[in-house]
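Here are some short exercises to work through with the model open beside you. Try each task before reading its solution.

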Amino acid sequence: MKLELRGITKRFGTMTANDHVNLIAEPGQIHCLVGENGAGKSTLMNVIFGLYQADGGEILIDDKLVKFSGPGDAMAAGIGMVHQHFMLIPVFTVAENVILGHEPTKFGTVLDIKKARERVLDISKRFGFEVDPDALVGDLPVGVQQRVEIIKALMSDAQILIFDEPTAVLTPQETDELMVIMKQLRDEGKSIVFITHKLREVKEVADKITVIRLGKVVGEAKPTASANELASMMVGREVDLDVNKAAAKPGKPLFKVAGLSAWDHAGSKVLDDINFEIHEGEILVIAGVQGNGQTELTEAIIGMHGKTIGSIELDGRELIGKNVKQVLDLGVGFVPEDRTEDGLVADFTIAENLMLDRSDRKPFVKGLNLQLDFLKKFAAEKIAEYDVRAQGIESKASQLSGGNQQKVVLARELSRELRLLVASQPTRGLDVGSIEFVHEKIVATRDSGIPVLIVATELDEAAQLGDRIAVMYRGKIVGIVPSDTPRATLGQMMAGISA
Amino acid sequence: MKKAFREIVNGNIWLSFLAVVASFIVGGILIAFSSETVQTTATYLTARPTDFISAVWNAVFGAYDAMFRGAVFNYKADNLTFMIRPITETLAYATPIVMSGLGLAVAFKSGLFNIGAAGQIVFGAMFAGWVAIFVDLPGYIHFPIALLAGILGGALWGALAGFLKAATGANEVIVTIMFNYIAILLLGYLLKTPVLKAPGSVNPISPPVHDSAKYALLMGDQFRVHAGLIAMLIAVVFVWWLLNRSSIGFQFRALGHNPNAAKVAGINIGATTVLVMAVSGALSGLAGTSQIMGTEKFLTLGVAASFGFDAITVALLGRSNPWGVLMAGILFGGLRAGAVTMQANQGVPIDIVLVVQSMIVLFIAAPPLVRSMFRIKPQKEDAK
Ligand SMILES: Nc1ncnc2c1ncn2[C@@H]1O[C@H](COP(=O)(O)OP(=O)(O)OP(=O)(O)O)[C@@H](O)[C@H]1O
Ligand SMILES: [Mg+2]
């Protein structure tokens with residue numbers, strides 16, 4: 001089916017998120033939608049999926065005018081959306097999740113699990129998903145959960161599939177697998193709209209590229225365009241895709257982790273005798289496939305992990321045994337992996353989010369009184385510095401685009417008096433321009449003599465940003481190598497083979 | 001459930017207003033149905049519909065008019081005292097409801113569904129009552145000490161529930177409900193022992209509080225309204241400051257909206273939970289002092305009356321906003337004051353007021369219902 005948008009306009013208060021957008025997604029094509037953070041991509045997709053009502057413009061499917069008052073209408077019309085935040089129920093099996101939302105229409109009033117299982121197996125086989133219909137969704141890796149979302153969309157026979165930044169949460173391997181799946185879907189004649197900030201993905205799968213900036217379509221690009229051309233179209237200026245940094249001048253080892261082991265609630269070992277040092281003025285990247293202990297390592301550092309033994313030393317002070325507040329007070333900046341869950345309070349304003357970890361100290365608080373004037377000034381400075389696109393400092397975090405949410409977290413953490421910076425996937429969800437900026441910030445932090453620990457799943461980023469790379473596998477550090485180590489070697493290490 | 005709860009707590013104050021209007025309409029229909037004249041005229045409705053309509057009008061208007069005269073201003077009375085007494089009665093009833101409602105508002109804003117206002121009022125009243133009744137102190141310090149004892153009593157009882165949640169992960173709803181029973185039963189027991197019972201009395205009732213520990217009457221002894229009203233207004237301003245202008249309140253709200261992010265930002269979840277419940281309980285304790293040292297002046301099992309329940313409704317109706325709670329509390333005070341007159345003058349059963357109150361709960365708990373009744377679109381942001 002062909003999807004056509006004509007003059008779609010969507011406003012939030014005084015701000016126009018989509019301004020007369022025209023777009024055609026053809027069957028058998030992957031249509032990439034790219035543009036800066038806050039350009040209006042997600043908004044446009046939400047309009048198509050019936051989550052938002054457009055203030056103007058028309059949606060046509062196969063040249064027929066349609067109107068959606070909710071996602072139900074959109075699904076019935078053959079549109080499927082794979083959300084960045086999955087809408088799955090973890091305690092249900094795959095088959096149960098898949099019938100949810102479809103039960104009355106597709107299977108009659110009785111829950112027909114058997115039929116659902118069959119269809120899951122069917123679709124799974126057709127596209128090589130390898131999804132077990134009886135597995136509990138909560139036990140599945142993120143990449144597989146995403147496939148469940150795709151199956152869900154395909155169950156209702158969606159002909160138009162929307163993917164809003166699906167790869168932001170995936171490991172590089174999972175991403176590659178998703179690319180294969182998308183190509184297969186395209187070859188089946190589906191129309192696919194795919195949003196991503198990653199140029200590599202655009203170049204790999206796009207049949208057509210539309211660039212959006214400030215809510216408007218600013219042009220189309222050829223998939224054959226170079227990465228630099230694409231990048232500058234996306235953000236409207238020249239972008240340096242490499243990290244510019246001078247060679248590290250490491251000083252004393254200020255941050256030392258020795259003999260660190262940790263166990264989860266069930267009692268299995270999640271960190272196994274971790275040892276490393278980070279010197280002042282050095283960036284150490286922890287690389288590895290997600291889920292090999294990186295999360296637990298960062299949690300142990302900031303004092304959130306329960307059972308831990310060993311030693312974590314910053315400036316000669318032991319961190320183990322300290323609570324989160326005590327650790328933060330020693331000057332640790334922490335960018336959590338999951339910004340919406342752990343980094344932001346969605347209902348708070350940008351300004352409030354910027355003082356979230358500082359609500360007990362001057363100059364944000366005097367006595368017990370919040371210093372709202374200071375906060376206003378501070379927040380205004382930060383959103384200008386980090387180029388957070390929002391109506392103002394009073395905008396709620398929930399009203400920001402994904403990338404702009406991430407910028408708020410970064411602005412907060414990088415503006416502390418730092419002695420150590422720990423950042424998990426600091427550039428997740430950011431556009432190429434913002435990535436350049438954040439990388440510069442992180443390098444500047446390093447150059448001011450602060451040890452920096454970055455968790456990265458992308459080898460590109462690990463190699464560009466890191467001075468040294470530590471590869472984790474199953475809770476252990478397989479080895480610590482210089483950042484110019486060949487990809488192949490790193491890849492092997494990530495599979496657990498020590499160099 | 002937390003999400004639905006958050007939607008109610010942070011919902012639109014406009015919807016609260018409509019919920020009240022809708023409840024009064026339903027109340028009016030019930031009044032009409034239960035009126036005998038309306039029932040009789042209905043039997044010959046087709047013959048003389050005007051009779052029926054005027055009967056309905058008389059029943060509903062009569063009842064609400066009586067309620068107005070009982071709750072706000074009695075324009076039919078023959079002297080000024082009787083004319084203005086209704087509004088002072090309303091304020092007297094409203095005082096403990098607002099205080100306790102403010103306490104719940106603090107908890108609700110912090111994501112804790114404290115259902116334990118009743119128990120916390122009882123504890124406040126017991127502590128304050130014991131000081132006010134059994135301790136002999138000079139006038140100028142007796143009152144403040146009794147007041148502090150009451151606040152402390154409520155705070156302790158609240159904090160204990162908060163501690164159980166923080167330490168064991170117990171659900172605060174269940175803990176606070178159980179704590180209500182414990183508090184009431186403890187009061188009942190103590191009222192049978194010399195700890196609180198009046199010597200020589202056969203009933204579970206305490207001796208009267210000392211004059212030195214009473215809230216001063218504000219308008220002379222013709223009126224019940226007492227200085228608790230001033231304490232209530234101070235409490236409103238205090239809660240507004242706490243929630244909107246203080247660092248502690250900021251942490252409370254962060255906990256309420258996203259405990260994970262609060263934790264990562266270094267806010268101590270356990271300690272904050274205990275503190276929230278202590279502040280929440282303290283305000284209900286204050287309501288207890290208003291009851292024992294202002295209105296009732298004896299400790300009985302009825303000291304918390306239905307205020308614990310009313311406080312929940314008022315906190316929800318006021319969207320946990322201190323000014324909203326103040327207005328909702330005065331409305332509830334008015335319903336109580338007015339109900340008495342309505343029954344006496346018009347023979348409308350007092351239960352109608354309970355129905356109106358319950359309808360309010362229903363309407364605020366079901367925002368989509370009110371929205372569809374008044375054809376209001378949901379807020380756009382909801383979509384995300
Ligand atoms: N519910 C909302 N209320 C107010 N403003 C909103 C709302 N949702 C989005 N916006 C604003 O609309 C603009 C477009 O946001 P959108 O989420 O569509 O961006 P995006 O292109 O998806 O960006 P990203 O790449 O960061 O995900 C942003 O400036 C955002 O602040
Ligand atoms: Mg987006």
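**Exercise 1.** Which residue in β7(A) is the bridge partner of Ile79(A)?

Solution. First, some ground rules: this is a predicted model, where local features need pLDDT of at least 70, side-chain atom pairs count only at pLDDT 80 or more, and totals for chains, interfaces and linings use all residues. Residues are numbered from 1 along each chain as its sequence is written, chains are lettered from A and ligands numbered from 1 in the order written, and side-chain values use heavy atoms, without hydrogens and water.

Now look in β7(A): the partner of Ile79(A) is Ile160(A). Strands here are DSSP runs (E, at least two residues), and helices are runs of H or I with at least four, numbered from the N terminus.

**Exercise 2.** Place β6(A) in its sheet and find the helix that touches β6(A) and β7(A).

Solution. Step one: the open sheet has six strands, ordered β6-β7-β8-β3-β9-β10 in chain A, with mixed pairing; two strands pair if DSSP finds at least two bridges between them. Step two: β6 (79-82) and β10 (216-221) of chain A are the edge strands. Step three: β6(A) and β7(A) (residues 160-164) run parallel and are joined by four bridges. Step four: helix α6 (residues 142-155) of chain A packs on the sheet, touching β6 and β7 of chain A (contact means heavy atoms within 4.5 Å), and its direction makes about 170 degrees with that of β6(A). Axes are lines fitted to C-alpha atoms, for helices over the stretch in contact, with angles from 0 to 180 degrees between N-to-C directions.
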